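Biologist: I have the sequence and the model open side by side. Could you walk me through the fold and its odd spots?

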Amino acid sequence: MAKMNMVQAINLALKQEMEIDDSIIILGEDVGRDGGVFRVTDGLLELFGEERVIDTPLAESAIAGMSIGMAAYGLKPVCEIQFSGFSYENFHQIENHAARFRWRTRGRLTIPMVLRTPYGGGVRALEHHSESREAYWAHTPGLKMVIPSGPRNARALLVSAMRDPDPVIFYEAKGLYRAFREEVPEDPETIPIGLPRVIREGSGITLISYGAMTRTTISAAEFLAKQDGLEADVIDLLTLSPLNTDLIIESVKKTGRVVIVHEAPRSFGPGAEIISRIMEEAFFYLEMPPERVTGYDVIIPYFAREQEYIPGIERIVAAARRLFN
């Protein structure tokens, strides 16, 4: 198997699905001749032509609106918004139309579109280029919200998203784009949307994360094992909506202690929802109240303070240790 970074793996998913499905259309700002702001769509214009890889004007609402129209008429658009901080311009189109068409038409019409967008900090960019607002989308009925954590699962999840009959918001952590490589099989593979995975097993504590924070959480788990002899279950959510909590509940019943890690602001973030479900289904198994390690309730700071905002290993380790004191 070839080793790829996340940019290459996502590009492979797009290329292979476009080869077998003529209805897939890519559109967005600079996705054609420039290959996308992070070169994720590089080379696809040459392979599939201007009718299937479409450079659009700087107009996020129009990109989403055109995608919805295409999907309603039988195509499968994969649109790119250059940074998630600019996706609010298309929020009306996604929330009021894409998310509601199945319900509005009583199932007669679905919107099989994917909205890809980079999110998160860590690359010394400005605030609209570094936000982590996945809660907006996960909170919206009718949308699926997917966040891969590495090259291989990004490729597999994007294939699943393109084959899904409903709209999928696909968040790509820009800090992971070229952070590391993984073996990615040439043959297409899928991961079902809505299924988390256990990526490290232990019986002492449960650590839950997703996206870019998954790697940091694994490093924290390894530190805890080495320094404290504390073995952690580490769960990578992969999908925020629909949120499957079976693995979480099973793990919490085993460990009795849990830390949730995300880059998004703390208040009303995904961690709050996860804790609520733990309290509903595993309250009597808890040894201590759950902890959250998150971003802060501020606009993400400029790069001089960026790393203070983003959860790091030391904050995760400190939260885990508090649960034993």
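Biologist: Happy to start with the sheet: in what order do the seven strands of the open sheet run?
Modeller: Keep in mind that this is a predicted model. The sheet is open and its pairing is mixed, with strand 3 (53-55) and strand 12 at the edges, each pairing on one side only. From one strand to the next the twist averages 20°. Read across, the strand order is 3-2-4-5-7-6-12.

Biologist: Which residue in strand 4 stands opposite Ile25?
Modeller: Strand 2 covers residues 24-28 and strand 4 covers residues 76-80. These two strands pair in the parallel sense over five bridges. In strand 4, the residue opposite Ile25 is Pro77.

Biologist: What angle does helix 1 make with strand 2?
Modeller: Helix 1 (residues 6-20) packs on the sheet, where it touches strand 2, strand 3, strand 4, strand 5 (114-119) and strand 7 (168-173). Compared with the direction of strand 2, that of helix 1 makes an angle of about 135°.

Biologist: And helix 7, at what angle to strand 7 does it run?
Modeller: Helix 7 (residues 151-162) lies across several strands, among them strand 2, strand 4 and strand 6 (144-146). Its angle to strand 7 is about 160°.

Biologist: How many charged residues are in the contact of helix 9 with helix 10?
Modeller: The axes of helix 9 and helix 10 come within 10 Å and cross at roughly 65°, and the crossing is right-handed. Ile248, Ile249, Val252 and Lys253 in helix 9 meet Ile274, Arg277, Ile278, Glu281 and Ala282 in helix 10. Six of the contact residues are nonpolar and none is polar, which leaves the charged ones at three.

Biologist: Now the odd spots: which residue does a cis peptide bond join to Ser241?
Modeller: Most peptide bonds are trans. Here, omega is about 5°. The partner sits in the loop between strand 12 (239-241) and helix 9 (246-255). The residue joined to Ser241 is Pro242.

Biologist: Leu238 has a positive phi; is Leu238 buried or exposed?
Modeller: Most residues other than glycine have a negative phi. Leu238, in the loop between strand 11 (232-236) and strand 12, has phi near 65°. Its relative accessible area is 3%, under the 20% cut-off, so Leu238 is buried.

Biologist: Is Phe268 buried or exposed?
Modeller: Phe268 is found in the loop between strand 13 (258-265) and helix 10 (270-282), and its phi is positive, about 60°, although it is not a glycine. Its relative accessibility is 79%, over the 50% cut-off, so Phe268 counts as exposed.

Terms used
Residues numbered from 1 in each chain as written. Predicted model: local features only at pLDDT ≥ 70, side-chain atom pairs only at ≥ 80, totals over all residues. Heavy atoms only, no water. Helix = DSSP H or I, 4+ residues; strand = E, 2+ residues; numbered from the N terminus. Buried < 20%, exposed > 50% of the residue type's maximum accessible area, 1.4 Å probe, protein only. Axes fitted to C-alpha atoms, helices over the stretch in contact; angles between N-to-C directions. Left-handed = near helix turned anticlockwise from the far one by under 90°. Contact = heavy atoms within 4.5 Å. Nonpolar A, V, L, I, M, F, W, Y, C, P; charged D, E, K, R; others polar. Pairing = 2+ DSSP bridges.
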